[in-house]
Amino acid sequence: MDDASLPQRTVVVVLPLFIVSTALAARFGQSIGANGIEILTILASAQAAIFAIVFSITILGVQLSASGFSPRLVNLFREDDSYRFTTALFGTSIGIDILGLYLFSGENIFVYEMYLCGAGALAVGSLVVLYSFVDRILYQSTPEGILRRIKDQLSPEWTTQQAHLFQEDSTKRDPYHLLISVIDSAVEDRDNPTVSQGLNMVSEKIRNLLEYTHPESLGPESALGKSIEDLCTDRLPTLVERATENSQKTQAREVIECLDTIGEAGINREHEYVVKCSSQGLSRPVESLGYSELEDRVRKRIIDTNRELLAETAEATQWEAADHGIRLLGWRAAQSIMDRSAQHARDTGYTSVQILSIPSIHSSATAEASARTDDEDIDWQRGEDADFNELYPRENTLRGCYFAMCEITSAAIRSEIRTGRSVVNWSHVATGWRNCLNDLRNSNLELLFQLWLGTILYIEYLQSETDDEVLSGFNRVSIQMGIRDQISGVVDSIQNGSIRPKTQIDYVPGMTKPTEMPLTGFKSQPIPDLDTTFSEWLELQSGMGGAGGFV
């Protein structure tokens, strides 16, 4: 029953009752006015008692519902028009009863009889409306009723208005706060149907909002943009973590799908900022989850979902979102690898980032940049902080792919040295490096090609100077690709400082957030105190090739 039906139901009940009671009073001529005082007194007393008892019970029910889901539910009920209408109707009915006691003083007149008939009809109508109101409140106190009430409220217009109010006054509530609170409580109570229904509602309402809102009105500085950023990067990832802690794999997966749906809606409606927030939200649990088997399964699901979303983002040429997403995914994966103990040293999707995610995005960005970019004056690796965002987004994406690949690789090397166990499949990792190098080999991005090849040589150097068990499977990529004739030029560029392939591998991974300070870090070679330096190793390899060739 909606709010508009309460006044309609009141009229439907009160008007016929008034007509019938008036006709009976006129027909039989028995003056009810003689007992008017008693009638009005009984009506006023009975209505006041019923109203007090029923409303007390209703308020108690609302309080119990609010304590079970969210204290902000009280405001949801308080703002309900049916609450105001029912209270006003009962107050009016009781007031008319009391007013009649003073106006007519028991006089036996026809007008008084009509007044009594009207007061009685209104009292009955008030009881009917009260019943309807209580039935409505009881339904709205259930999870299904609460979600339906929130759904009716979360229109694009209301969401936009509420987001602006929240931005101006922090005491106001964010438009999605109450909905997420209900879902969070349902997760705690293991109420799976409510979790599913609530997450479907989030996806639906975000899609509707993106259709209603122009992309320029939904950016990082806008009220709506901040609201969606908070939803995607904090509230929904927290639900993933909470569901996983409660061993609710299905619910965690549904939250992941919700974030993915929001990202896909952003791609389809060209809301690049929404895609960026969605991917960032998917990245957070990669690092924040623990290392039990269930958590690792959820982590792998997140990584697979995020890489597919980022691949679609790159295909849609939304380069800023793709760059932001792959940097954060690499950073979070590196943090997760670095925190693993020997007991939990296993691959849970890290290799897929290097063999699937990064090469896919890198391939799309290389094809775009190869036709439009002259890299003679680009420092793909470092540059000044102030120059970072002066590159075209597609160029930043290429650099982001390189940084992410280096960060995960560096973390995997350090983890293997520390624990004695590998968390990645090194032969597959080598394939990922080879695929990216092959893309650049067929492009005109010569300096970037040299940087990737030089970094591969550095990884091969670390492998050759350590135990046979370390980096096992990362075979000589440079030899396998048949590009020995190009290695000498790369060695020259390394020796004269034109490229610095050690830099990103030597940075301690998982430290500085790459989207905030992408060009700084703390240096520490993954394998310290090696007998042979990288430069000496390069010279040795060149010397073994006879006429300057590389073997």
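L471 is buried, with a relative accessible area of 0%. Its place in the chain is the loop between helix 18 and helix 19, the latter covering 477-480. The backbone there deserves a look: phi of L471 is positive, about 60°, although the residue is not a glycine. Please keep in mind that this is a predicted model.

There is a second residue of this kind. S247 is not a glycine either, and its phi is positive, near 60°. S247 also belongs to a loop, the one between helix 10 (223-245) and helix 11 (249-268). Is S247 buried or exposed? S247 is exposed, because its relative accessible area is 55% and the cut-off for exposed is over 50%. L471, at 0%, is buried.

Now the chain as a whole. The secondary structure consists of 22 helices and zero strands. The chain has 551 residues, and 52% of them count as buried. For contacts between residues at least 6 apart in sequence, 75% join residues at least 24 apart. The exposed area is about 23800 Å², of which carbon and sulfur atoms supply 51%.

Back to helix 18, which precedes the loop of L471. Helix 18 runs over residues 446-464, 19 residues in total. At 1.5 Å a residue it should span 27 Å, and its end C-alpha atoms are 27 Å apart, which agrees. How many of its residues are buried? The count is 16 of the 19, so helix 18 is largely enclosed by the rest of the structure.

Next, a loop residue with a long contact list. R340 is placed between helix 14 (319-339) and helix 15 (350-370). R340 is buried, at a relative accessible area of 0%. Which residues does R340 touch, leaving out those up to four places away in sequence? They are Y291, D296, R299, R346, T348, Y350, R418, T419 and V423.

A brief stop at helix 4, residues 81-103, which contains T86. T86 has 1% relative accessibility and therefore counts as buried. T86 and Y131 are 45 residues apart along the chain, and their C-alpha atoms are separated by 9.8 Å.

Then the aromatic residues. The structure holds nine aromatic pairs. One of them is F534 with W537: the ring centres are 6.3 Å apart and the planes are at 20°. The cut-off for stacked is under 30 degrees, so this pair is stacked. Where do these two residues sit? Both belong to helix 22, residues 534-544, and because they are three residues apart, about one helical turn separates them. As a reminder, an α-helix has 3.6 residues a turn, so residues three or four places apart point the same way. F534 and W537 are both buried.

Ring pairs also link Y402, F403, W433 and W452 into a cluster.

One more ring, this time with a charge. The charged end of R394 sits over the ring of Y392, at 4.7 Å from the ring centre.

To recap the two positive phi values: L471 is in the loop between helix 18 and helix 19, and S247 is in the loop between helix 10 and helix 11. That is my list; I can take questions.

Notes. Residues are numbered from 1 along each chain as its sequence is written. This is a predicted model: local features need pLDDT of at least 70, side-chain atom pairs count only at pLDDT 80 or more; totals for chains, interfaces and linings use all residues. Side-chain values use heavy atoms; hydrogens and water are left out. Helices (H or I, at least four residues) and strands (E, at least two) are DSSP runs, numbered from the N terminus. Buried means under 20% relative accessible area, exposed over 50%, partly exposed in between (1.4 Å probe, protein chains only). Contact means heavy atoms within 4.5 Å. The expected span of a helix is 1.5 Å times one less than its number of residues. Rings of Phe, Tyr and Trp (its six-membered ring) pair if their centres lie within 6.5 Å; planes under 30 degrees apart count as stacked, over 60 as edge-to-face and the rest as tilted. A charge sits over a ring if NZ of Lys or CZ of Arg is within 6 Å of the ring centre and within 35 degrees of the ring normal. Accessible areas come from the Shrake-Rupley method with a 1.4 Å probe; for residues, only the protein chains shown count as cover.
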